[in-house]
Amino acid sequence: ENIDAGTFKSFPSYGFGIDIKGRELKPMHIGFSVEYYLNSINWKSEESGGLGGSTRWYDINYNIECLRFSLFPELLIGKKYQFYCNLSPFFSLMIHSSKNGTSWTYKQSERIETGSASDDISKFDFGIKEGLGFGYAVKSFLVVSIEENGSLGIMNINKASAGDVNSAGLSIFFCLSFIIPKSKTEEQK
């Protein structure tokens, strides 16, 4: 049997995260991020049984919740109006998944596909992530910003069929940044 990789269509979904970065506004600093996000995907495919074999079609919707971790160097320009960018590897871990759909044969014997998606999609992903952001420092300790994040997985996450499937994503985040002040020494008080 050969199950074609078929087509994967992604739908808009949501995510949120936290970045921890260096306190000082230096042009280059280190950052770490943890993000939670939901992917909603539809998979359509065809399985051929070969000569005289039956053909089965798949139409399955997946909801995949993941945590993504990254460690990055970041370039920051500006104090009041800020532009920043970063590039880093990421590691992603599936924390929950579900599938809901159908598969059927030429004679229309339909099977409901439900349950976890971990048999079809890998629980781990690894790749490259980039971020671009523009911020405005409302106060010296408070910055509001908008940030674009793109990611490209380099691992095959497809376990259900033949053919490689790599993850790719584009996100827009609305951010609030708080700068935690240094504690003052006795001499500074």
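Strand 10, which spans residues 168-178, lies largely in the open, because the number of buried residues among its 11 is one. This description, like those that follow, rests on a predicted model. Strand 10 pairs with strand 9 (residues 142-153), and the two run in the antiparallel sense, joined by 11 bridges. One position of this pairing is given by Val 143, whose bridge partner in strand 10 is Ser 177.

Two cysteines were examined for their surroundings. Cys 175 has a relative accessible area of 22% and is therefore partly exposed, as the limit for a buried residue is an area under 20%. Cys 66, with a relative accessibility of 7%, falls under that limit and so counts as buried. The number of disulfides in the model is zero.

Charged side chains were considered next. Side chains of opposite charge can pair when their charged atoms come close. In the model, the count of salt bridges is six. One of them joins Glu 35 to Arg 68, with the closest N and O atoms 2.9 Å apart. This contact links distant parts of the chain, since Glu 35 belongs to strand 4 (residues 28-48) and Arg 68 to strand 5 (residues 55-77), a separation of 33 residues. Both Glu 35 and Arg 68 are buried.

A further salt bridge is formed by the side chains of Glu 113 and Lys 99, at an N to O distance of 4.0 Å. Here, too, distant parts of the chain are linked: Glu 113 is found in strand 7 (residues 110-115) and Lys 99 in strand 6 (residues 81-105), with their positions 14 residues apart in the numbering. Glu 113 and Lys 99 are both buried.

Lys 99 also takes part in a salt bridge with Asp 120, for which the N to O distance is 3.2 Å. Because Lys 99 lies in strand 6 and Asp 120 in the loop between strand 7 and strand 8 (124-139), this pair ties together parts that are 21 residues apart in sequence. Asp 120 is buried, as is Lys 99. The contacts of Lys 99 with Glu 113 and with Asp 120 belong to a wider arrangement, in which Lys 99, Arg 111, Glu 113 and Asp 120 are linked in a network of salt bridges.

Terms used: Residues numbered from 1 in each chain as written. Predicted model: local features only at pLDDT ≥ 70, side-chain atom pairs only at ≥ 80, totals over all residues. Heavy atoms only, no water. Disulfide = S-S within 2.5 Å. Buried < 20%, exposed > 50% of the residue type's maximum accessible area, 1.4 Å probe, protein only. Helix = DSSP H or I, 4+ residues; strand = E, 2+ residues; numbered from the N terminus. Pairing = 2+ DSSP bridges.
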